[in-house]
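Subject: Structure for your review

Hello,

Here is the structure I said I would pass on. My notes on what was found follow below it.

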Amino acid sequence: MARQWKAFRWWILAWVALTLAGAVAIARLELAQLKDAFETNARIMHRLLSQRVVQHDAILATLALLQPGPDGPADAAPEQRLPALYPQILSAQRRDREAAWSDPAMASAEATSRQLRRATLADLDFASGRYQLVLAAQPASYALTIDLRAMVPWAEWPLEPASSPVRVVLEHSGQQFVLQPGRLAPGGWRFEFHKHLAADSQAFDVVATQTVGWAELPWGRMALWALVLAAVLAWARHGLRQRAERSRAEELLRLGQVARLNTLGELAAGMAHELNQPLTAVMASAQAARRLLDDDPPELDTARQAMAQAVEQARRASDVVGRLRRAIERPDLSGQTQALDLVEAVRRALYLLEPECQRRGVAPVIEAPQPVTVLAEPVALEQIIHNLLMNALQALEHAPADRRLTLTVDANGSSGRLQVADTGPGIAPEVLSRIFEPFFSTRTGGLGLGLSLCETLATNMGGALTAAPNESHGALFTLTLPCQPQTP
């Protein structure tokens with residue numbers, strides 16, 4: 001259970017990390033798109049306003065160019081028709097050579113315009129939303145009074161002034177005129193655009209500002225990303241679990257096949273041992289009978305031939321059984337051993353038996369203060385540990401409560417030791433002496449070859465397998481194997 005929760009926790013952490021990374025990427029993409037749209041609209045607004053202020057310069061230049069000379073006929077004041085043609089021009093004034101401006105600021109602006117040889121600002125009143133522009137010329141100078149709000153080409157304006165979140169203002173010499181109020185929220189992300197208009201005579205700054213708050217982030221898309229990611233990870237986890245279950249089943253099948261083969265060998269070896277004893281007795285009895293018949297004068301040739309045939313057949317049967325035993329006897333495992341991590345072997349066996357532990361409600365505990373490397377044959381070691389764990393789990397089925405399975409791995413001198421302790425019913429004293437005897441089993445339907453096989457495998461690897469009662473209650477099996485010798 002702890003192993004499953006640990007694996008599930010890593011999946012949760014992966015989902016959280018990927019969800020946060022994806023949400024950040026989606027938010028950054030959205031912010032980048034909003035910023036691009038903001039800058040595009042700001043450039044359009046700057047271009048439209050620049051066209052208007054350049055138009056004002058052109059109107060003044062046209063008036064100065066088309067005015068009659070000093071000796072020509074007086075014109076009927078064409079500048080007075082400008083407000084009807086251009087809504088942003090509130091009024092147009094002309095100062096003839098003999099006349100004077102009524103406003104001293106106009107006279108000062110005309111002098112500046114004459115010096116700069118371009119139109120210049122005479123009066124700037126952003127509070128009232130208007131300003132005056134003067135151009136010095138001969139023989140008459142001209143001035144325009146311009147309405148700031150009417151100067152904006154609203155029909156071509158890229159944003160809806162009443163509902164757009166973008167704030168747009170004109171700035172000059174510390175004054176501001178708000179063209180579009182926008183909605184500036186505290187916090188969040190702030191976009192800014194600041195650029196001079198394209199006319200030196202009306203050097204206003206176009207300042208656009210937009211703030212994007214947390215509430216404006218694409219939470220819907222981020223939530224969809226989290227759900228899709230959760231579904232993908234759940235599918236991947238399900239696939240990996242199926243793959244792990246399939247691998248576990250294949251490994252258990254392999255162990256089962258090896259166990260069946262070894263059990264068959266143990267069975268055949270036991271049968272050969274059991275048959276060899278009566279056959280030997282038959283052979284000894286037949287030889288004794290033949291000697292007796294040979295010592296008796298009235299011995300019959302037929303009896304001697306019959307007993308000779310019995311002896312011959314008994315010898316042949318003994319030879320056949322011997323050949324069978326040599327054919328099925330397991331090879332010596334001492335030459336096939338290799339250095340193995342005993343703790344890792346225990347963990348692999350527990351992994352394979354994880355479904356069995358969960359079904360019985362058993363949470364095995366591994367106590368391994370330090371790594372222990374033993375010399376063993378890998379398949380034989382797997383089979384011994386698997387059999388010991390299965391026996392312990394089957395014993396714990398009969399424990400109504402307090403189902404504990406403890407596996408202790410340590411080193412004792414030149415040997416590595418694995419102790420498998422359970423809190424099951426335990427082993428009766430009269431059974432303990434026969435626990436490793438072939439064909440002896442306390443389980444109904446059992447062959448009684450599992451522990452016998454494990455003991456044989458352990459012995460063939462230079463180790464030992466013993467059984468004893470657990471300290472509290474239950475059984476304690478101890479597997480001892482030689483440790484890997486340390487290199488000097």
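**Start of helix α7**

At the start of α7, a side-chain oxygen of D341 comes to within 3.0 Å of the backbone nitrogen of V343. Please keep in mind that this is a predicted model. Helix α7 covers residues 342-352, and its buried residues are L342, V343, A345, V346, A349, L350 and L352. V343 is thus named twice here, once as the residue whose backbone nitrogen D341 reaches and once among the buried residues of the helix.

**Overall figures**

The protein has eleven helices and 15 strands. It has 488 residues, of which 38% count as buried. Taking contacts between residues at least 6 apart in sequence, 68% join residues at least 24 apart. The exposed area is about 27500 Å², and carbon and sulfur atoms supply 57% of it.

**The two cores**

The largest nonpolar core has 49 residues, and those that touch the most other members are L49, Y131, W157, L170 and F204. Helix α1 gives the largest share of this core, 14 residues. A second core, separate from this one, has 45 residues, including A345, A376, V420 and F477. A345 is also one of the buried residues of α7.

In the largest core, I looked at the surroundings of W157. Leaving aside neighbours within four places in sequence, W157 is in contact with M45, L48, L49, V152, V168, L179 and Q180. One of these, L49, is itself listed with W157 among the residues that touch the most other core members.

L388 has contacts with members of the second core. L388 lies in helix α9, residues 378-396, and counts as buried at 2% relative accessibility. Beyond neighbours within four places in sequence, L388 is in contact with V420, L451, L465 and F477; V420 and F477 are included in the second core. The C-alpha atom of L388 is also separated by 8.5 Å from that of C454, a residue 66 places away along the chain.

**Helix α1 and the surface**

Helix α1 runs over residues 2-66 and holds V16. Which residues form a nonpolar patch on the surface with V16? They are F8, I12 and L20, and the four together have about 320 Å² of accessible area. V16 itself is partly exposed, with a relative accessible area of 35%. In an α-helix there are 3.6 residues a turn, so residues three or four places apart point the same way. Helix α1 therefore needs looking at from both sides, since V16 is partly exposed while the helix also supplies 14 residues to the largest core.

**A buried glutamine**

Q88 sits in the loop between α2 (82-85) and β1 (89-95). Is Q88 buried or exposed? Its relative accessible area is 2%, so Q88 is buried. The side chain of Q88 makes a polar contact of 3.2 Å with that of Q55. Apart from neighbours within four places in sequence, the residues in contact with Q88 are R52, Q55, H56, T145, I146, D147, A150 and M151.

**Salt bridges**

The count comes to nine salt bridges. One of them joins R94 and D96, with the closest N and O atoms 3.3 Å apart. R94 counts as partly exposed at 28% relative accessibility, and D96 is partly exposed too, at 33%.

R359 and E356 meet in another salt bridge, at 3.0 Å from N to O. These two residues both lie in helix α8 (residues 354-360), three residues apart, about one turn of the helix. R359 counts as exposed at 57% relative accessibility, whereas E356 counts as partly exposed at 25%.

R360 forms a salt bridge with E397, the closest N and O atoms being 2.8 Å apart. R360 belongs to helix α8 and E397 to the loop between α9 and β12 (405-412), so this pair ties together parts that are 37 residues apart in sequence. R360 is buried, with a relative accessible area of 8%, while E397 counts as partly exposed at 37%. Through shared partners, salt bridges join E356, R359, R360 and E397 into one network.

Regards

Definitions and conventions
Residues numbered from 1 in each chain as written. Predicted model: local features only at pLDDT ≥ 70, side-chain atom pairs only at ≥ 80, totals over all residues. Heavy atoms only, no water. Helix = DSSP H or I, 4+ residues; strand = E, 2+ residues; numbered from the N terminus. Buried < 20%, exposed > 50% of the residue type's maximum accessible area, 1.4 Å probe, protein only. Contact = heavy atoms within 4.5 Å. Areas by Shrake-Rupley, 256 points an atom, 1.4 Å probe, with all protein chains shown as cover. Patch = residues over 30% accessible without salt bridge, like charges linked within 9 Å, V, L, I, M, F, W, Y side chains within 5 Å. Salt bridge = Lys/Arg side-chain N within 4 Å of Asp/Glu carboxyl O. Core = buried A, V, L, I, M, F, W, Y, C linked by side-chain atoms within 4.5 Å. Polar contact = N/O pair within 3.5 Å; in protein donor to acceptor, adjacent residues only side chain to side chain.
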